[in-house]
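Visitor: I should like to learn how helices and strands are read in a structure. May we work through an example together?

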Amino acid sequence: MTQIGEPILEVKDLKVHFPTPDGVVKAVDGLTFTVQRGETFGIVGESGSGKSVTCLTALGLIKRESAQISGEVLFEGHDLLKLSNEDLRPIRGKALSMIFQDPFACLHPFYRVGDQIVEAIQCHDSCDKKEARNRTVGLLDAVGIPQPDDRFRDYPHQFSGGMRQRAMIAMALAHNPSLLIADEPTTALDVTVQAQILELIDHIKQEFNIGVILITHDLGVVADVAQSVMVMYAGRAVEYGSREEVFSGPLHPYTWGLLESIPNIDRRGARLVPIEGAPPSLIRVPPGCSFNPRCPHRFDPCDKDVPELLDRGGGHPEACHLRIEDKKRLWNEREAGRVAEVAS
């Protein structure tokens with residue numbers, strides 16, 4: 001059992017805006033959160049909500065030539081936004097690693113999988129090729145790839161989707177990072193393999209007591225493994241708290257919509273309720289609350305004033321103008337309706 005300890009990553013008022021001929025894309029617009037050592041921090045939201053851009057910016061993979069970036073990203077005492085590429089190189093891929101969304105796109109098709117992991121090891125450690133090869137075989141074995149000596153020589157197309165993802169995890173773990181970012185690590189995998197990958201990431205977190213950021217659009221995934229959850233919409237955080245707070249007492253209508261769209265085996269017979277409409281263009285974000293065009297509970301202030309992310313008496317921060325009493329009542333009514341559907 002890991003002990004959740006000191007903050008390992010602190011993001012403060014992060015903004016990432018992309019100027020385009022059509023206007024400024026506000027991909028991330030004032031984001032603040034903290035990741036503790038030993039915890040899994042889930043970032044949830046629909047495609048285009050700013051989840052991946054947040055983490056790519058922290059890694060220095062969003063170039064200032066193409067984006068307007070402000071705020072702070074503090075990692076082990078360093079503000080990553082102030083570091084040059086040369087200063088970032090010893091950190092990125094070593095103390096701070098990322099598992100990207102599509103392992104097939106990240107692994108070079110013309111090079112053997114093992115050789116690519118060897119190269120990642122030798123980028124940061126001055127070891128010879130034989131030592132790096134031995135470490136690679138050990139990593140492949142640790143992430144559950146059978147016959148690692150033989151599979152070392154295989155090309156990416158010879159690996160299944162789950163095995164390619166395991167190889168990417170092995171590469172990310174090559175230097176025992178302090179923080180591991182997993183960007184949609186179970187995309188395009190079948191349900192059984194998804195569970196295995198999530199279990200592997202959780203095992204790694206517990207064994208090495210590292211921090212994990214899990215980026216996903218699936219609240220069901222977060223419910224299984226995360227200790228803290230941040231729900232994002234249109235580049236901003238709309239709800240932020242512990243897993244228990246967000247799942248047992250959600251306070252934002254967008255979070256309600258995400259929860260109601262998750263299949264639940266305990267509620268067979270209940271309808272899955274989609275969120276009406278589509279996320280807004282990040283060039284033309286609606287005035288006031290960006291969720292207001294899709295929200296069934298909107299009222300007068302929603303299309304005028306941008307709600308701040310703060311604790312309004314519900315026990316954790318959220319960004320909704322409704323009174324806390326109304327939020328609790330509306331959520332309880334929605335829950336009661338779903339229970340009644342199952343019973344009938």
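Guide: The discussion below turns to a sheet and then to two helices. Please keep in mind that this is a predicted model.

Visitor: How are the strands of a sheet held to one another?

Guide: Strands of a sheet pair through backbone hydrogen bonds, either parallel or antiparallel. Here, six strands form an open sheet in the order β6-β7-β8-β3-β9-β10, and their pairing is mixed. At the edges lie β6 (96–99) and β10 (236–242), each of which pairs on one side only. From one strand to the next, the twist averages 15°.

Visitor: In which sense do β7 and β8 pair?

Guide: Strand β7 (residues 179–183) pairs with strand β8 (residues 211–216) in the parallel sense, over five bridges. Within this pair, L179 stands opposite G211 in β8.

Visitor: Which strands do α7 and α8 touch?

Guide: Helix α7 packs on the sheet and touches β6 and β7, its direction making about 175° with that of β6. Helix α8 also packs on the sheet, where it touches β3 (40–44), β6, β7 and β8. The direction of α8 makes about 160° with that of β8.

Visitor: At what angle do the axes of α7 and α8 cross?

Guide: The axes of α7 (residues 161–172) and α8 (residues 191–208) come within 10 Å and cross at roughly 15°. Therefore α7 is roughly parallel to α8. Their crossing is right-handed.

Visitor: Which residues make this contact?

Guide: From α7 come G162, Q165, R166 and I169, while α8 supplies V193, Q196, I197, L200, I201 and I204. By class, the contact has six nonpolar, three polar and one charged residues.

Conventions:
Residues numbered from 1 in each chain as written. Predicted model: local features only at pLDDT ≥ 70, side-chain atom pairs only at ≥ 80, totals over all residues. Heavy atoms only, no water. Axes fitted to C-alpha atoms, helices over the stretch in contact; angles between N-to-C directions. Helix = DSSP H or I, 4+ residues; strand = E, 2+ residues; numbered from the N terminus. Parallel < 35°, antiparallel > 145°, perpendicular 65-115°, else oblique. Left-handed = near helix turned anticlockwise from the far one by under 90°. Contact = heavy atoms within 4.5 Å. Nonpolar A, V, L, I, M, F, W, Y, C, P; charged D, E, K, R; others polar. Pairing = 2+ DSSP bridges.
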